[in-house]
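User: Got a model open here and want to go through the side-chain contacts. Can you take me through them?

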Amino acid sequence: MNFLNNFSIKCKTYMLVGLSVLVAITLSLVSNSGLNIIQAQVDELIRANNIERYAYRAILEDKNYLLNANGSVMNHANAKQAFIKSERAVKNIYVTIDDMNEESTKAIRHAIKEYDINYKRGIYLLKELEKESRLLQKEGESITSEIQQYVEAKRVDVKQHLSQKTIEKINAGSNIWQYTYMTRADEKRYLLSPDAKLLEKFKQDYAFMMSELERLKTMSDEPFEHEKISIFNDSAKNYEKAMYRWVKYNGEHVSSIVPKTKKLGSIVIAESLKIGNDSLDDIYEKRTFVVAVLIIVTFLTILFGVAFGALISRSISKVITNFQTGLLDFFSYLDLQKNSANQIEIESKDEIAVMANVVNENIVKIEEVMENKLAQMKIKDEHMLNQSRLAQMGEMISMIAHQWRQPLGVISAISIDMQIRLFERRIYDLTTQKGREDMEKYSLKNLHKINEFIKHLSKTIDDFRNFFKPDKVRTSFSLVTLVDKTLNIGEHLLDTNRVEVVKDYKRNLPNISSFENEIMQVILSIVNNGVDALMQNKIKEPRIYIRIEQNSVGDQVISIEDNAGGIPDEIISKIFDPYFSTKDKNGTGLGLYIAQTIITEHCDGTVSVQNTNRGACFKIELKNNTKESEV
């Protein structure tokens with residue numbers, strides 16, 4: 001069944017659903033045909049008994065309908081079901097009397113026709129009432145939410161800058177907020193028990209709410225305020241329209257549909273009882289044949305459905321298995337358990353094939369980056385040996401190894417997390433559309449992160465290659481954006497270790513002119529050291545606090561603080577020394593030394609550390625220089 005490889009998983013799923021529908025329709029048609037044959041053979045006695053039985057059922061469902069269709073939104077579902085059952089009973093009467101004398105059934109035929117028209121209108125009104133109720137709920141929540149956000153935003157403003165105008169805005173917004181609740185309460189009461197007084201109360205409260213909105217509109221002068229007022233106004237108009245449509249539909253339903261249904265039901269019941277009393281005949285039994293045909297067709301239909309469904313399921317399972325095997329091989333390569341990674345082989349053209357192509361592209365990129373950079377390092381090493389710079393080259397190689405360790409660790413963590421989620425815990429249910437979409441979204445997101453780290457590894461090599469050159473170019477950038485970009489690179493490390501990052505940024509700071517990638521390296525190195533300290537000390541609620549502010553002389557300061565308990569006093573003065581490490585065999589002691597070198601010698605800044613009541617706090621101070629470029 002290789003032809004199935006030409007279809008996507010979504011298409012195969014639709015095929016399975018379509019097959020199920022086809023089986024259901026086939027069984028339904030066969031069942032309906034059998035019932036029609038049996039129906040055609042019943043005698044007048046059975047017809048009369050059926051008419052009487054359906055008539056009493058119609059009476060019962062009609063009473064149930066009247067009990068629930070009283071204008072209350074909460075009872076519409078029950079009323080609808082009762083209406084359907086009542087109409088079904090009357091239709092059965094109509095089918096039964098088709099074989100009877102047309103003259104004797106003229107009155108009931110006319111009543112059934114009118115009943116059907118009234119039924120369809122009643123169902124339409126019930127659907128419209130339900131639709132308008134949902135719209136009332138949606139738009140009601142919208143106006144409440146928008147005015148709440150407006151008022152809360154103004155309360156924040158008044159704390160920062162007290163003014164009469166802001167207070168007036170808060171008062172007007174609070175009035176509107178209050179009347180959204182009052183208007184919605186009027187609406188809920190009216191929907192539960194329609195009453196003219198309640199409707200009038202709704203109109204008054206709504207009118208006052210909108211008048212306050214107009215007053216607030218005249219006072220508002222900020223884009224945020226205009227946006228909230230515009231959204232509120234649109235939602236309020238939709239809310240008002242939905243309310244009046246509900247009133248209209250409910251009025252027609254209560255005053256017209258319900259009474260007419262009762263009258264037509266009475267006619268049908270009376271005529272049905274009359275026909276039942278007059279109808280007695282012999283019955284023809286041909287049910288055995290019909291049942292036998294039904295059983296045979298049912299068996300063959302189910303057998304075909306199971307066989308074809310198994311083929312489709314097997315096709316989907318094979319694709320997933322091949323992708324799983326390829327991913328495991330790729331993860332082994334990322335974990336350095338293998339020297340090379342094989343391409344994922346997928347014969348299909350579905351969504352998993354697209355994911356496999358993304359993985360294959362990253363496999364090629366990783367191998368090319370590793371081979372190219374190792375070749376460059378070898379050539380540079382030979383050149384530096386010829387220039388008698390063995391010591392400097394050794395230091396750079398150590399730096400590169402230190403900078404690579406954390407990104408490679410994060411890539412490994414991502415791969416392990418994907419392996420656990422996708423293949424050990426099987427978090428995503430691939431039998432459902434949502435499960436497949438979630439798995440695809442999760443996999444693509446993490447593969448994208450892996451690709452970003454690969455780029456970061458490559459950039460690290462370039463950064464260190466140019467590290468000691470005097471002709472590096474400055475760029476202008478925002479520290480807030482830079483820090484967020486750095487945290488995004490280390491997002492998986494933070495998430496894996498469940499480290500919460502608490503941000504405190506001073507907004508509207510000017511751009512600085514410096515070396516963006518080098519500062520990112522420093523921030524990432526400090527954050528990674530903080531995570532290591534949190535994990536080493538087994539902090540139950542690990543946090544890293546990042547603050548960006550401007551000091552008294554105008555320089556911008558990045559503070560990175562953890563709650564790991566701090567650095568021992570006897571070694572805090574040594575942590576910026578080269579080759580000094582607190583990580584035993586896992587550290588080279590170059591991370592903070594490099595960070596200090598980058599900040600002080602290349603970025604015209606300073607980096608320092610001190611213990612706080614929570615832990616160690618690193619401060620990076622950078623000159624507030626806004627020059628666009630500098631050689």
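User: Start with K154. Is K154 buried or exposed?
Analyst: K154 is buried, with a relative accessible area of 2%. Keep in mind that this is a predicted model.

User: Which side chain does K154 meet in a salt bridge?
Analyst: D157. The N to O distance is 2.7 Å.

User: Where do the two lie?
Analyst: K154 and D157 are both in helix α4. They sit three residues apart, about one turn of the helix.

User: And why does D157 count as partly exposed?
Analyst: D157 has 24% relative accessibility. Buried means under 20% and exposed means over 50%, so D157 falls in between.

User: What about K169, which partner does that side chain meet?
Analyst: K169 meets E225 in a salt bridge, 2.8 Å from N to O. K169 lies in helix α5 and E225 in helix α7, so this pair ties together parts that are 56 residues apart in sequence.

User: Are K169 and E225 buried or exposed?
Analyst: Both K169 and E225 are buried.

User: Which residues are linked in a network of salt bridges?
Analyst: K154, D157, K165, K169, D221, E222 and E225. That network takes in the K154 and D157 residues we began with, as well as K169 and E225.

User: How many salt bridges does the structure hold?
Analyst: 26. Another one joins E549 and R547, with the closest N and O atoms 3.6 Å apart. E549 is partly exposed at 29% relative accessibility. R547 is also partly exposed, at 25%.

User: Switching to rings. How many aromatic pairs does a search of the whole structure find?
Analyst: Seven. One of them is Y124 with Y249, whose ring centres are 6.4 Å apart.

User: Why is that pair edge-to-face?
Analyst: The planes of Y124 and Y249 are at 75 degrees. Over 60 degrees counts as edge-to-face, so the pair gets that label.

User: Where do Y124 and Y249 lie?
Analyst: Y124 is in helix α4, residues 106-160. Y249 is in helix α7, residues 223-278. The pair therefore ties together parts that are 125 residues apart in sequence.

User: Buried or exposed, those two?
Analyst: Y249 counts as buried at 11% relative accessibility. Y124 is partly exposed, with a relative accessible area of 35%.

User: What about Y179 and F208, how is that pair arranged?
Analyst: Tilted. The centres of Y179 and F208 are 4.4 Å apart, with 50 degrees between the planes. This pair links distant parts of the chain. Y179 is in helix α5 (residues 164-192) and F208 in helix α6 (residues 196-219), 29 residues apart.

User: And the accessibility of each?
Analyst: Y179 counts as buried at 19%. F208 is partly exposed, with a relative accessible area of 32%.

User: Which residues do ring pairs link into a cluster?
Analyst: F202, Y206, Y239 and Y244.

User: Which residue lies over the face of Y545?
Analyst: R614. R614 is 3.7 Å from the ring centre of Y545.

User: Last topic. Which residues make the nonpolar surface patch of about 350 Å²?
Analyst: V17, V21, I25 and L29. V17 is found in helix α1, which covers residues 9-41. At 47% relative accessibility, V17 counts as partly exposed.

Note on methods. Residues numbered from 1 in each chain as written. Predicted model: local features only at pLDDT ≥ 70, side-chain atom pairs only at ≥ 80, totals over all residues. Heavy atoms only, no water. Phe/Tyr/Trp six-rings, centres within 6.5 Å; stacked < 30°, edge-to-face > 60°. Helix = DSSP H or I, 4+ residues; strand = E, 2+ residues; numbered from the N terminus. Buried < 20%, exposed > 50% of the residue type's maximum accessible area, 1.4 Å probe, protein only. Lys NZ or Arg CZ within 6 Å of the ring centre and 35° of its normal. Patch = residues over 30% accessible without salt bridge, like charges linked within 9 Å, V, L, I, M, F, W, Y side chains within 5 Å. Areas by Shrake-Rupley, 256 points an atom, 1.4 Å probe, with all protein chains shown as cover. Salt bridge = Lys/Arg side-chain N within 4 Å of Asp/Glu carboxyl O.
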